[in-house]
Amino acid sequence: MAIVASLPTPGLNLFSSLPLGKDPTASSSPSPPPPPPIPIPKYPPPLKKSKNSASPAFKIPHLRTKYYKPVKDGGGVIASDGDRSVLVGDSGVSYLLPGAPFEFQFSYSETPKVKPLAIREPAFLPFAPPTMPRPWTGKPPLKTSKKKIPVFDSFNPPPAGKKGVKYVEMPGPYPFGKFPEEGKSREEILGEPLKTWEIKLLIKPHLSDNRQVNLGRDGLTHNMLELVHSHWKRRRVCKVRCKGVPTVDMDNVCRHLEEKTGGKIIHRVGGVVYLFRGRNYNYRTRPQYPVMLWKPAAPVYPKLIQEAPEGLTKAQADEFRKKGKNLLPICKLAKNGVYITLVRDVRTAFEGSPLVKVDCKGMEPSDYKKLGAKLKDLVPCVLLSFEDEQILMWRGQDWKSMYPEARPSISFPAELDIASGSDDSGKSDVDCDNSDAKIVSSSPKMMLLWKHALESNKAILLDEIDLGPDALLTKVEEFEGISQATEHSYPALVMSSEGGSSNSISTFEDDSHSENFSEDDMYSDDEYYDSESFEELETSAPPGSLSIDLIPEKLDKK
């Protein structure tokens, strides 16, 4: 109790953190707050944006905006600034500049061959403006360099030992006694056609070299033209490696490469192309194109997948799509692969099935949609769906087989009359359909091989289809004896006298020299194997009848 009596008055807060010497309620001048441990930085006031200093390049809306401007039926010029204009036509969006040799595009090889419906951004040239001041980027422009940079000239390159100068390739190669000539047209720059040994000499250092131009999903773009010329400055051949969607139609890529760059493709292996600059190429007089500063937004094109495609109703199309879900794909495409044989594989698959599916799992949606658009034009076919990252195609009503002429089957049903002259009028349509389904058409080469095998008793044709096991075994045993006797026999060659033998040998030599079979002739697609050539290969001559056998006799006489 003594401790409680010694405490201060009851009105005072015992747990207050304020000092006890002063009364907090007393009126006094407020003390300044303590300074912060870290000083507050002072920023300059924001700059006011003037309306006149804004560049039209910064007014372009973002790609995610819902900008949609339809294109007129006639197309034509949609925006112009003097001689510089933006065009829309069957080849997409193109840009026309004064003095340009052709209309510039972002991609020359991968532009769809369909007129666009609308554009996604305001029409503006993606090149640097010639008269407009430089847009403000927050940094002052670079000072002009005081160094005099020499212009590269392939005809008068710098000396090899000069420091600070890279190697410049001279024009060539030239035949003996000829020198470089200034050329303006493409034919004059290319010069005479290269010979085989010159092509091998130019390609050999590039086979294992990584110095190359990579061509991807956008195909041959505008800025690649200057890149190819920069490769030609150091070497006579530019190596271009193609991957992805453009490899479906390599002929289209090669055609655009030669047209836009002015070079000549001298070798092509898979997706790798070797582009020769020409014998009289000069880097100083090359065509110089402006650099495209950004990638323009792609216009709006018609939809590839329709609910009711050409020649089908909506119900039929839905039924095909249901069947396509259980259909196995013919191949699996890898990302950034080389698809040179894809068109041929799809055409071959259409010979056996009206529906074909290609698996594209792991690829970008834009990539397999571009693949479908290319297959639609090249095969041709009708696209049904892109579900589950797979391309489902129908061969269409106007589909024609790669073998338009009706050829006999391997079993020769039309020639042999398997039914033994039975009356076909009583057969039902179902039986006719089943008999047609068993007929398998073959190529002319295969038919020729089969006929030759039958004539030489190396194959047998079963006249009766419904043979039992015992009857079939008997047929096979009989055929084995015939085929072995034929294989181990050869035609006899009778030589009446020495002169006759020489005459026969001379005629043999004349025939051997007259029939010069080259490797290309034997493996060409236009010519087929002859039965006579097979007989000559299979028959074996008796000893002493060949010209080489007379050499020892002549040496012995000498």
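Visitor: Where does Thr247 lie?
Guide: In this predicted model, Thr247 lies in the loop that runs between strand β7, residues 237–242, and helix α5, residues 250–261.

Visitor: Okay, and is Thr247 buried or exposed?
Guide: Thr247 is buried, because its relative accessible area is 0%, and buried here stands for anything under 20%.

Visitor: What does Thr247 touch, then?
Guide: Leaving aside residues up to four places away in sequence, Thr247 touches Cys242, Gly337, Val338, Tyr339 and Ile340. With Tyr339 there is also a polar pair, in which a polar atom of the Thr247 side chain lies 3.0 Å from the backbone nitrogen of Tyr339.

Visitor: Let me move to Asn336. Which loop holds it?
Guide: Asn336 lies in the loop between α6 and α7, and its phi is near 55°, a positive value in a residue other than glycine. As background, most residues other than glycine have a negative phi.

Visitor: Why does Asn336 count as partly exposed?
Guide: Asn336 counts as partly exposed because its relative accessibility is 45%, and that class covers the range between under 20% for buried and over 50% for exposed.

Visitor: Those two helices, α6 and α7, came up just now. What sheet is there for helices to pack on, and what is its strand order?
Guide: It is an open sheet of 3 strands, in the order β10-β12-β11, and the pairing is antiparallel. Its edge strands are β10, residues 355–359, and β11, residues 382–385, each of which pairs on one side only. From one strand to the next, the twist averages 30°.
Guide: Helix α6, residues 314–325, packs on this sheet and touches β10, β11 and β12, with a direction that makes about 50° with that of β10. Helix α7, residues 342–350, also packs on the sheet, touching β10 and β12, and its direction makes about 145° with that of β10.

Visitor: How many bridges are there between β10 and β12?
Guide: β10 and β12 pair in the antiparallel sense over 5 bridges, and within that pairing Asp359 has Gln390 in β12 as its bridge partner.

Visitor: And how many between β11 and β12?
Guide: β11 pairs with β12, residues 390–394, over 3 bridges, again in the antiparallel sense. Ser385, for instance, stands opposite Leu392 in β12.

Visitor: How many residues of β12 are buried?
Guide: For β12, 5 of its 5 residues are buried, so the strand is mostly covered, given that buried means under 20% relative accessible area. Gln390, Leu392 and Trp394 are buried on one side, while Ile391 and Met393 are buried on the other, and both faces of β12 are covered. That fits a general pattern, in that the side chains of a regular strand alternate between the two faces of the sheet.

Visitor: What joins β11 to β12?
Guide: The two strands form a hairpin with 4 residues between them, and Asp388 in the turn has a positive phi of about 55°. Asp388 counts as exposed because its relative accessibility is 58%.

Visitor: Which peptide bond is cis?
Guide: The bond from Val379 to Pro380 is cis, with omega near -15°, and Pro380 lies in the loop between α8, residues 365–378, and β11. In general, most peptide bonds are trans.

Visitor: Changing topic, how many cavities of 30 Å³ or more does a search of the whole structure find?
Guide: The search finds 1 cavity of 30 Å³ or more, and the largest cavity has a volume of about 30 Å³. The residues that line it are His206, Arg211, His231, Arg235, Val237, Cys238 and Lys239, and the largest share of that lining, 3 residues, comes from β7.

Visitor: His231 is in that lining. Which residues of helix α4 are buried?
Guide: In α4, residues 223–234, the buried residues are Met224, Leu225, Val228, His229, His231, Trp232, Lys233 and Arg234. They pack against β6, residues 213–215, as well as β7, α5 and β9, residues 272–276.

Visitor: Last one: what is the order of the open sheet that includes β3?
Guide: Its 3 strands have the order β2-β3-β4, with antiparallel pairing. β2, residues 76–81, and β4, residues 92–96, stand at the edges with a single partner strand each, so one side of each is left without a neighbour in the sheet. β2 and β3, residues 84–89, pair over 5 bridges, and Asp81 stands opposite Arg84 in β3.

How values were computed: Residues are numbered from 1 along each chain as its sequence is written. This is a predicted model: local features need pLDDT of at least 70, side-chain atom pairs count only at pLDDT 80 or more; totals for chains, interfaces and linings use all residues. Side-chain values use heavy atoms; hydrogens and water are left out. Two strands pair if DSSP finds at least two bridges between them. Axes are lines fitted to C-alpha atoms, for helices over the stretch in contact, and angles run from 0 to 180 degrees between N-to-C directions. Contact means heavy atoms within 4.5 Å. Buried means under 20% relative accessible area, exposed over 50%, partly exposed in between (1.4 Å probe, protein chains only). A polar contact is a pair of N or O atoms within 3.5 Å; within protein, one must be able to donate a hydrogen and the other to accept it, and residues adjacent in sequence count only if both atoms are side-chain atoms. On a 1 Å grid over the protein atoms alone, a cavity is a set of points where a 1.4 Å probe fits but cannot get out, and a pocket is an open set with protein on both sides within 12 Å along at least five of seven lines; lining residues have an atom within 4 Å of a point. Grid points are joined across faces, edges and corners, and a volume is the space filled by probe spheres set on the points.
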